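Biologist: Could you take me through one part of this model in some detail? I would like to hear about the aromatic rings and which of them sit together.

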Amino acid sequence: MSYRPAGTRRTIDVAFTRQKVAVFLDGCFWHGCPDHYRPAHKNAEFWSAKIAANRARDADTSARLQAAGWVVLRYWEHQSSTWIADEVERVVREGVRPFAGWFTLDAFEAEAAEGGPVAPRWPAVTFGDPWNGWATPVVTPEVLVSVLDVVAAATGEAHRWDGDVAVVAGPVSESGEPEYEDRLEPDDSGLYDLGELGWTWVELA
């Protein structure tokens with residue numbers, strides 16, 4: 001059932017209140033799916049701003065719920081309903097892994113510090129050795145999916161899945177090919193070390 005947490009104007013599509021798991025099923029057009037969203041031809045400027053605002057609201061909603069201790073699971077309408085149900089059941093029934101702390105991208109934190117939107121934050125199962133002073137969060141597959149979707153919405157960096165390997169593509173060059181592709185593979189326990197992506201992460205208090 002849908003649920004609106006006290007003190008907010010945001011509605012969770014499906015909420016497991018005892019476990020504090022929030023599930024959202026996002027429409028590909030209204031939420032700007034990186035795979036299937038196609039810009040409108042009529043009133044293009046209006047719709048572009050509308051979709052961008054929806055994506056920013058999604059990121060802000062996730063950040064606020066996570067800050068309140070909720071686990072946020074977001075899925076696209078084109079994804080298999082059976083797979084989504086299995087994933088949600090696993091998280092709700094098996095419980096969420098204990099985590100070491102919260103993290104975000106340095107760019108999001110800097111924007112928030114300058115009066116921008118609330119920085120999205122995600123839970124890390126653990127943190128690896130710092131890289132040049134930056135945090136190296138290790139995360140579950142569910143958190144990785146959320147991170148990649150939010151980063152894609154904010155920066156346009158596309159990603160795809162090759163089995164259980166996340167492939168992140170850089171900007172497209174003049175030749176039409178991405179300037180680089182980073183492949184992020186899970187470790188033996190199924191976790192992902194985000195330090196391998198080369199992005200700058202910040203561990204939050």
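Modeller: Happy to; here is a walk through the aromatic pairs, with a charged neighbour at the end. Please keep in mind that this is a predicted model. The count of aromatic pairs comes to 10. One of them joins Phe103 and Trp122, whose rings are 5.8 Å apart centre to centre, with 35° between the planes. Planes under 30 degrees apart would count as stacked and those over 60 as edge-to-face, and this pair is tilted. Phe103 belongs to strand β4 (residues 101–105) and Trp122 to strand β5 (residues 122–124), so their pairing ties together parts that are 19 residues apart in sequence. Both Phe103 and Trp122 are buried.

Now turn to Trp199 and Trp201. Their ring centres lie 5.8 Å apart and the planes meet at 55°, so this pair is tilted too. As for accessibility, Trp199 has a relative accessible area of 13% and is therefore buried. Trp201 is buried as well, with a relative accessible area of 0%. The cut-off behind that word is under 20% relative accessible area.

Aromatic rings also gather in a group: Phe29, Trp30, Tyr37, Phe46 and Trp47 make up one aromatic cluster. If you have the structure open, you can pick out these five residues together.

Finally, look at Phe24, where the partner is a charge. The charged end of Arg74 sits over the ring of Phe24, and 4.1 Å separates that end from the ring centre.

Notes:
Residues numbered from 1 in each chain as written. Predicted model: local features only at pLDDT ≥ 70, side-chain atom pairs only at ≥ 80, totals over all residues. Heavy atoms only, no water. Phe/Tyr/Trp six-rings, centres within 6.5 Å; stacked < 30°, edge-to-face > 60°. Helix = DSSP H or I, 4+ residues; strand = E, 2+ residues; numbered from the N terminus. Buried < 20%, exposed > 50% of the residue type's maximum accessible area, 1.4 Å probe, protein only. Lys NZ or Arg CZ within 6 Å of the ring centre and 35° of its normal.
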